[in-house]
Amino acid sequence: MTVPQASKVGLPLMNLVRFKGVPILKQLHLEERLLRTSSDNWCIVNDGTNAPTIVMGLSGKPSELLEVGSVLQDKVPVIKRFTGGGTVIVDPGTIFVTLICNRDSVPGVQPYPRSIMHWSGLLYNEVFEGFGDFRLHENDYVFGNRKFGGNAQSITRKRWIHHTSFLWDFEARNMAYLKLPQKAPEYRLARSHMEFVCRMKDYMTRSVFIDKTLKAMENHFSVRPVEVDVDASVHDAGFVHSTKVLMKHELEEALPISI
Amino acid sequence: MASRLWASRAASYLRISAFNRGFASVVKDFKYADSHEWVKVEGNTAVVGITDHAQDHLGDVVYVELPEVGAAVTQGGSFGAVESVKATSDINSPVSGKVVEVNEELNNSPGLVNASPYETGWIIKVEMSDNGELKSLMDSDHYSKFCEEEDASH
């Protein structure tokens with residue numbers, strides 16, 4: 001006699017998509033399309049993106065957030081994404097985990113930023129238990145007082161997305177493209193990037209992190225792997241993306257004026 | 001005591017219910033959508049913003065994405081967004097029609113949405129295409145109750 005897994009009964013379905021090395025622009029286009037046009041719950045894991053790319057939030061201003069001269073000189077692509085939040089530089093050492101949920105699928109969570117953020121902190125508590133002094137602190141994921149995961153969200157009438165870029169590893173020199181933001185969390189205490197962030201690789205391997213994350217998802221959702229052609233989504237004619245790559249002239253306009 | 005009496009009279013004059021068992025304020029003559037936007041009807045024009053309940057739950061608004069003047073809006077459809085606490089949140093139109101004015105002040109002072117959600121924090125003005133849609137919106141008492149129930153269920 002088989003005993004059904006009681007923990008799975010009644011859990012909302014969640015589609016799981018796993019990528020490796022997908023360009024962050026394609027990932028963001030897919031996410032925005034799924035948020036706006038799908039009625040399913042989704043978890044997307046992208047184990048590293050293919051090339052260093054700067055990603056700003058919806059309201060980000062290059063002149064305030066980037067060392068624009070260096071960015072232009074080194075031809076680093078800059079994307080403005082559809083979610084809020086700050087600026088990151090992502091690369092093959094970044095692991096992305098995205099949750100797209102119907103608000104009714106997570107009934108204890110109100111569709112507002114702090115409520116969703118708090119719930120995500122509880123979820124990742126399950127992932128990082130025993131691996132370090134993990135907590136959600138001023139909307140960042142930290143070990144101790146060092147950030148290793150940045151979060152952003154977008155909330156629609158009936159759905160929300162919470163996505164995270166985890167610094168499993170990073171190139172120190174890439175951090176030099178980012179200015180110290182004016183709006184920084186209090187716990188940053190004016191620390192430079194290198195003193196403020198830490199690498200997840202000092203705590204766990206990539207595969208352990210992804211496995212434990214998926215295990216934590218299974219406590220809240222009935223997870224089923226699905227295949228998605230990320231290239232197909234980019235050409236979906238019925239949907240207008242707000243995520244975009246900034247053009248060279250837009251970055252040039254952000255250069256400081258030399259007198 | 002005197003200041004509370006003054007505040008109560010001021011609230012009454014402004015038709016704001018401010019002492020509603022400690023919950024967010026509402027304006028008596030406005031209409032409300034279940035996505036927490038309000039409508040002030042001025043003839044055939046609807047002034048639209050987000051409610052005190054919404055701004056309180058959203059946190060400090062740091063950016064408002066406004067539509068273009070002339071854009072079409074449909075009842076229940078999103079027309080813009082606010083950014084707060086690392087999140088962009090859709091703003092949905094309570095009525096259908098055409099955007100005739102946007103509150104440009106919000107470009108420099110997005111915090112008006114928090115500080116004055118029913119007055120200087122208004123977001124768009126819409127020339128309504130169907131006044132009948134107002135019937136499907138809640139009055140202030142109904143909306144207050146709706147907010148209480150929503151908060152209690154979480």
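The following questions and answers concern a predicted model of chains A and B.

User: Which conventions and pLDDT limits apply to this model?
Analyst: Residues are numbered from 1 along each chain as its sequence is written, while chains are lettered from A and ligands numbered from 1 in the order in which they are written. Side-chain values use heavy atoms, without hydrogens and water, and in this predicted model totals for chains, interfaces and linings use all residues, whereas side-chain atom pairs count only at pLDDT 80 or more and local features need pLDDT of at least 70.

User: How many residues of strand E10 of chain A are buried?
Analyst: Helices (H or I, at least four residues) and strands (E, at least two) are DSSP runs numbered from the N terminus, and buried means under 20% relative accessible area with a 1.4 Å probe and protein chains only, against over 50% for exposed and in between for partly exposed. In a regular strand the side chains alternate between the two faces of the sheet. In E10(A), A:Arg159, A:Ile161, A:His163, A:Ser165 and A:Leu167 are buried on one side, and A:Trp160, A:His162, A:Thr164 and A:Phe166 on the other. The strand, residues 159-167, is therefore largely enclosed by the rest of the structure, its buried residues numbering nine of the nine.

User: Which residue of E10(A) is the bridge partner of A:Gly150?
Analyst: Two strands pair if DSSP finds at least two bridges between them. E10(A) pairs antiparallel with strand E6 (residues 94-102) over nine bridges, and seven bridges join E10(A) to strand E9 (residues 146-155), also antiparallel. A hairpin of three residues connects E9(A) to E10(A). The bridge partner of A:Gly150 in E10(A) is A:Ser165.

User: On the same side or on opposite sides of H7(A) do its buried residues lie?
Analyst: Helix H7 (residues 206-218) of chain A spans 19 Å from first to last C-alpha over 13 residues, close to the expected 18 Å, the expectation being 1.5 Å times one less than the number of residues. The buried residues of H7(A) are A:Arg206, A:Phe209, A:Ile210, A:Thr213, A:Leu214, A:Ala216 and A:Met217. They cover an arc of only 155° around the axis, so they lie on the same side.

User: With which side chain does B:Lys86 make a polar contact of 2.8 Å?
Analyst: UniProt, in an unreviewed entry, lists B:Lys86 as "modified residue: N6-lipoyllysine"; such annotations may be inferred rather than shown by experiment. B:Lys86 lies in the loop between strands E8 (78-84) and E9 (87-92) of chain B. Beyond its neighbours within four places in sequence, its contacts (heavy atoms within 4.5 Å) include A:Gly84, A:Met117, A:Lys147 and A:Gln153. A polar contact is a pair of N or O atoms within 3.5 Å, which within protein needs one able to donate a hydrogen and the other to accept it, residues adjacent in sequence counting only if both atoms are side-chain atoms; the side chain that B:Lys86 meets at 2.8 Å is that of A:Asp140.

User: How far apart are the end C-alpha atoms of residues 45-127 of chain B?
Analyst: In the unreviewed UniProt entry, these residues carry the feature "domain: Lipoyl-binding". Four bridges join the antiparallel strands E5 (residues 45-50) and E11 (residues 124-128) of chain B, with B:Val47 partnered by B:Lys125. The stretch 45-127 is 18% helix and 43% strand, and its end C-alpha atoms are separated by 5 Å.

How values were computed. Arc of directions from axis to C-beta.
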